[in-house]
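I opened my notebook to write down what I looked up in this structure, going from the whole fold to single residues. The entries follow below.

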Amino acid sequence: DTDRALVLLEEYCKKLQKPEEQQLKKAIRKVMGIFKSSLFQALLGSFKKKTTRHGTTSHTSLPAALACDVLGCPKD
């Protein structure tokens, strides 16, 4: 659910308009860049394979959980 996390982070960034919020906006954009990186996607793919191999078919999406934690959005 990296795409969901990216959407949530992008929406949050759009709300950061004040000068004192620009440092936070910059940090969030760095996190977004990490989520989009091929290394992160490869690690996430490895994590998903591992959880499936160990019999876990359902798990919390780490990127979405992180975005929700930062944004304070309700979890499904």
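**Entry 1, the fold.** I began by reading along the sequence of this predicted model, and the pattern I found for the protein was α-α-α-α. My tally of the elements agreed with that, giving four helices and zero strands. I then looked up burial, and of the 76 residues of the protein, 26% count as buried. For the contacts with a separation of 6 or more, I noted that 55% come from residues 24 or more positions apart.

**Entry 2, helix 1 against helix 2.** I reminded myself that two packed helices are described by the angle between their axes and the distance between those axes. For helix 1, which covers residues 2-15, and helix 2, I wrote down an angle of about 160° and axes 10 Å apart. Because angles over 145 degrees count as roughly antiparallel, helix 1 is roughly antiparallel to helix 2. The crossing of helix 1 and helix 2 is left-handed. I also listed who makes the contact: on the helix 1 side the residues include Leu6, Leu9, Glu10 and Cys13, while on the helix 2 side they include Leu24, Lys25, Ile28 and Arg29.

**Entry 3, the salt bridge.** How many salt bridges does the structure hold? I found one, and the partners are Glu10 and Arg29, whose closest N and O atoms are 3.3 Å apart. This pair links distant parts of the chain, since Glu10 belongs to helix 1 and Arg29 to helix 2, with their positions 19 residues apart. As a general point, I noted that side chains of opposite charge can pair when their charged atoms come close. I checked the accessibility of both partners: Glu10 counts as partly exposed because its relative accessibility is 25%, and Arg29 counts as partly exposed too, at 38%.

**Entry 4, Lys25.** I turned next to Lys25, which I located in helix 2, the element that spans residues 22-36. Is Lys25 buried or exposed, and what is the distance to the nearest side chain of opposite charge? I found that Lys25 is buried and yet has no salt bridge, the nearest side chain of opposite charge being that of Glu10, 7.3 Å away. A salt bridge needs the two charged atoms within 4 Å, so the 7.3 Å between Lys25 and Glu10 does not qualify. Leaving aside its neighbours within four places in sequence, Lys25 is in contact with Cys13 and Leu16.

**Entry 5, Leu24.** Leu24 also has its place in helix 2. I recorded Leu24 as partly exposed because its relative accessible area is 37%. When I left aside the neighbours within four places in sequence, I found Leu24 in contact with Tyr12 and Leu16. I also looked up the C-alpha atoms of Leu24 and Cys13, which are separated by 8.6 Å, although these residues are 11 apart along the chain.

**Entry 6, Leu9.** My last stop was Leu9, which I placed in helix 1. Is Leu9 buried or exposed? I noted Leu9 as buried, because its relative accessible area is 4% and the cut-off for buried is under 20%. The C-alpha atoms of Leu9 and Lys25 are separated by 9.5 Å, and the two residues lie 16 apart along the chain.

Methods:
Residues are numbered from 1 along each chain as its sequence is written. This is a predicted model: local features need pLDDT of at least 70, side-chain atom pairs count only at pLDDT 80 or more; totals for chains, interfaces and linings use all residues. Side-chain values use heavy atoms; hydrogens and water are left out. Buried means under 20% relative accessible area, exposed over 50%, partly exposed in between (1.4 Å probe, protein chains only). Lys and Arg count as positive and Asp and Glu as negative; His and the chain ends are not counted. Contact means heavy atoms within 4.5 Å. Axes are lines fitted to C-alpha atoms, for helices over the stretch in contact, and angles run from 0 to 180 degrees between N-to-C directions. Angles under 35 degrees count as roughly parallel, over 145 as roughly antiparallel, 65 to 115 as roughly perpendicular and the rest as oblique. A crossing is left-handed if the near helix is turned anticlockwise from the far one by less than a right angle, and right-handed if clockwise.
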